[in-house]
Amino acid sequence: MTETTAGATRADVWLPFPAEEIDGLPEGLDYLFWDGGPEYPGDPADCVYYVVPYLKGSEVAIRPMDAMSTVQVVQTLSAGIDHVEPGLGLLHPGVRLCNAKGVHEASTAELTLALILASLRDIPGFVHGQDDEEWRSGFYPALADKSVLIVGYGSIGAAIEDRLAPFECARVARVARSARTTERGPVHTLDDLPALLPEADVVVLSTPLNPSTRGLVGADFLAAMPDGALLVNVARGGVVDTKALLAELESGRLRAALDVTDPEPLPSGHPLWHAPNVLITPHVGGSTSAFEPRAKRLLATQLTRFAAGEPLVNVVSTTG
């Protein structure tokens, strides 16, 4: 906290955007800009609200947390929180962890549809054909009449289904941690995957990375998918066993479209780069023009609530 001319203290908020770029921030808080650089903008011990720099990795996210002795809120600008979870044990009890639900749904859902369509219609092959001046005509799979399985039916999974609606899919099945009923139909649990996978032409992964989902897509999961099926991962690389996926790709039995990989970034020389039937994008599901305005609106809303002592949105856990 910093001392005012009246001798009182004011709370520091660390932001990854300059405060003057965010409309609607409440008064009474000191806003300090930190985007993950080597120098801190102030004493971490004075920070009460920490907004984690976006896409700077776990090491940067966690670095100041051990010294944040008065922090009350850790706010990510990503839907996933796995990059900050290793640092939560460094914090005192009662710190709220909030994610960026509402910021990335549209962009991630857009990319998911782009990956599905590009993979089914072999857009990469056409690009290579254009490079080689080859006219690669023929028949290619359509999304119409395909059965799609969404594994991880949170807000992003629902946004993906919203965008699938006009494409005349034969069926969309949904899987999440807990069974429930939605306007679009039932949501199954992970226990139902053995019955659902053999019927899925396209499997979309949009689940968080946690102990129950790490390595979820292993040899048995992949073997249950039908020949020629497409796996689309817009979740986290660790949800998929890379070695098991490589075996299926190299056999030619399955196809994949991956916005995330394990390891990530995918290093030069890794066999996944040149595996057959795979399309790779470099974790850009949320990295679009829609990100900044939505992220800034979320921060203005959250900090207004925080300053007024009102409940925050998107609280996913509290340190104990």
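Here are a few friendly notes on the predicted model shown above.

1. Start with the sheet. Eight strands form an open sheet, and its pairing is mixed. Reading across, the order is β9-β10-β8-β7-β11-β12-β13-β14. Between one strand and the next, the twist averages 20°.

2. Now look at the edges. Which strands stand there? They are β9 (180-182) and β14 (278-280). Each has a single partner strand, so one side of each is left without a neighbour in the sheet.

3. For a close look at one pairing, find β8 (residues 171-175) and β10 (residues 185-188). These two strands pair in the parallel sense, over two bridges. If you want a residue to click on, try Arg174: its bridge partner in β10 is Val187.

4. Next come two helices. Helix α2 (residues 105-120) lies across four strands, namely β11 (202-205), β12 (230-233), β13 (255-258) and β14. Its direction runs at about 150° to β12. Helix α7 (residues 242-251) also packs on the sheet, where it touches β12, β13 and β14. The angle between the directions of α7 and β13 is about 130°.

5. Finally, the cysteines. A disulfide is a covalent bond between the sulfur atoms of two cysteines. How many disulfides does a search of the whole structure find? The count is zero. Take Cys47 as an example: the closest cysteine sulfur belongs to Cys98 and is 13 Å away, too far for a bond, because a disulfide needs the two sulfur atoms within 2.5 Å. Is Cys47 buried or exposed? Its relative accessibility is 0%, so Cys47 counts as buried.

Methods
Residues numbered from 1 in each chain as written. Predicted model: local features only at pLDDT ≥ 70, side-chain atom pairs only at ≥ 80, totals over all residues. Heavy atoms only, no water. Pairing = 2+ DSSP bridges. Axes fitted to C-alpha atoms, helices over the stretch in contact; angles between N-to-C directions. Contact = heavy atoms within 4.5 Å. Buried < 20%, exposed > 50% of the residue type's maximum accessible area, 1.4 Å probe, protein only.
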